[in-house]
Amino acid sequence: MTPYAQPSMKALVKAHPEKGLWLQDLAIPQPGDDDVIIRIHKTGICGTDIHIWNWDEWASKTVPVPLVTGHEFAGEIVELGRNVKGLSVGQRVSGEGHLVGTESRQSRSGKFHLDPDTRGIGVNEQGAFAEYLCLNSFNVIPLPDDVSDDIGAILDPLGNAVHTALSFDLISEDVLITGAGPIGIMAAAVARHAGARHIVITDVNPDRLALAEVVADVIPVNVATEDLKDVMDKLGLKQGFDVGLEMSGNQQALDQMVEAMVMGGRIAMLGIPPGKSPVDWSRIVFKAINLKGVYGREIFETWYKMIAMLQNGLDVSKVITHRYSALDFEAGFADMLSGSSGKVVLDWTAIKSAT
Ligand code: NAD
Ligand code: ZN
């Protein structure tokens, strides 16, 4: 018998290649020379975590087992690798969950978010659903005092929203957002903050549309029961929307968006369709639509912009609809699986006292 037990932590692990996640005791990670150890305070549950929970085709092809899941987090640095400079123990931080290489042309040109060798924490590498996370110091984002841990834990999806929304000039433009999931709703708040004129958000889920109205100054449209054209007429949109943000991953939503755009309209697509889907390319060509695919966040421009916007009045706090102790993670996942929640945040700080 060893005289001292190895220090351990709780972590939410994809421990078996089947539906679910398991709260397990693991050794606390040790930092490499360029890493920091972060004591996790809060984490956000993402749609990606739901794919991993469900163990769908994408997850079973992508995620190694066992793996600590989760990539949306805020916490505090508790240990520094010996090469780490500019960060300190006790500092509150969040972090970019995409780990990029330095070899590709894109990285060497400073476009880290376009590195083809990107790996994700909680997807390909050990993740943040744990009491402690080991992260390359390059990926660490210090949190200012006026950005709470709750908001720090959802900067990853807010960053998706910011990256997509700021793809095109929004000032005084009319914006259509398809999909009022947490990211679509946050994109609406960003578009408002950035100076758009009319912002319309569509969904087929009334709970989501109701939440959109609570979080942002937008016009919600349930396309299952309302005609988008009527709403456009009421707003006096003669030709259509100038900018479209596709945030549903739904084929019909994209078709509807293309129809509702002005000639030469600009569409940024974040939503991920579930496999190949038919697209009416001739409509896109004849309407001279400018279509941009969006992946992740710009590293690190999106982070600077997003934190500055939060400090300058952007408020997305109401998009967090549920909060649980990490010990009650099953309740949080149930809320996410319902499809009607906003962001669900898990608290990792109370675990030691509760176990
Ligand atoms: P979500 O699944 O919570 O929200 C999608 C919403 O679209 C749902 O509320 C759904 O009811 C709605 N919807 C379904 N059919 C619709 C229709 N016909 N018209 C309008 N809305 C419709 O997703 P989320 O977490 O908010 O993420 C948004 C999208 O972005 C998802 O597709 C997600 O996979 C994707 N995503 C992409 C990246 C990236 O890097 N590209 C990163 C994160 C998320
Ligand atoms: Zn995420």
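What share of the contacts in the protein chain with a separation of 6 or more comes from residues 24 or more positions apart? Keep that in mind while you look around; the answer is coming up. One thing before you start clicking: this is a predicted model.

**Stop 1: the whole chain.** Select the protein chain and show it as a cartoon. You'll be looking at 13 helices and 18 strands. The radius of gyration is 21 Å, close to the 20 Å that the globule rule gives for 355 residues, so the chain is as compact as a globular protein of that length. Turn it along its principal axes, and the C-alpha atoms fill a box of roughly 75 × 40 × 40 Å.

Now for that opening question: the share is 68%.

**Stop 2: inside and outside.** Switch on the surface. Its accessible area comes to about 16100 Å², and carbon and sulfur atoms own 51% of that. Of the 355 residues, 52% are buried.

**Stop 3: the charges.** Colour the charged side chains next. There are 30 positive and 45 negative ones, and the centres of the two sets sit 3 Å apart.

**Stop 4: the zinc ion.** Select ligand 2 and zoom in. This zinc ion is held by Cys46 through SG, His71 through NE2 and Glu72 through OE, at 2.1 to 2.5 Å. Along the chain, these donors follow the spacing C-x24-H-E. Pick out cysteine 46 in the loop between β3 (35-45) and α1 (47-54), then glutamate 72 in strand β5 (residues 72-80): the pair is 26 residues apart and links distant parts of the chain.

Are cysteine 46 and glutamate 72 buried or exposed? Bring the surface back to check: both are buried.

Technical notes
Residues numbered from 1 in each chain as written. Chains lettered and ligands numbered in written order. Predicted model: local features only at pLDDT ≥ 70, side-chain atom pairs only at ≥ 80, totals over all residues. Heavy atoms only, no water. Helix = DSSP H or I, 4+ residues; strand = E, 2+ residues; numbered from the N terminus. Rg over C-alpha atoms; globule rule 2.2 N^0.38 Å. Buried < 20%, exposed > 50% of the residue type's maximum accessible area, 1.4 Å probe, protein only. Contact = heavy atoms within 4.5 Å. Areas by Shrake-Rupley, 256 points an atom, 1.4 Å probe, with all protein chains shown as cover. Lys, Arg positive; Asp, Glu negative; His and termini not counted. Charge placed at Lys NZ, Arg CZ, Asp CG, Glu CD. Donors = N, O, S within 2.8 Å, 3.2 Å for Na, K, Ca; no water.
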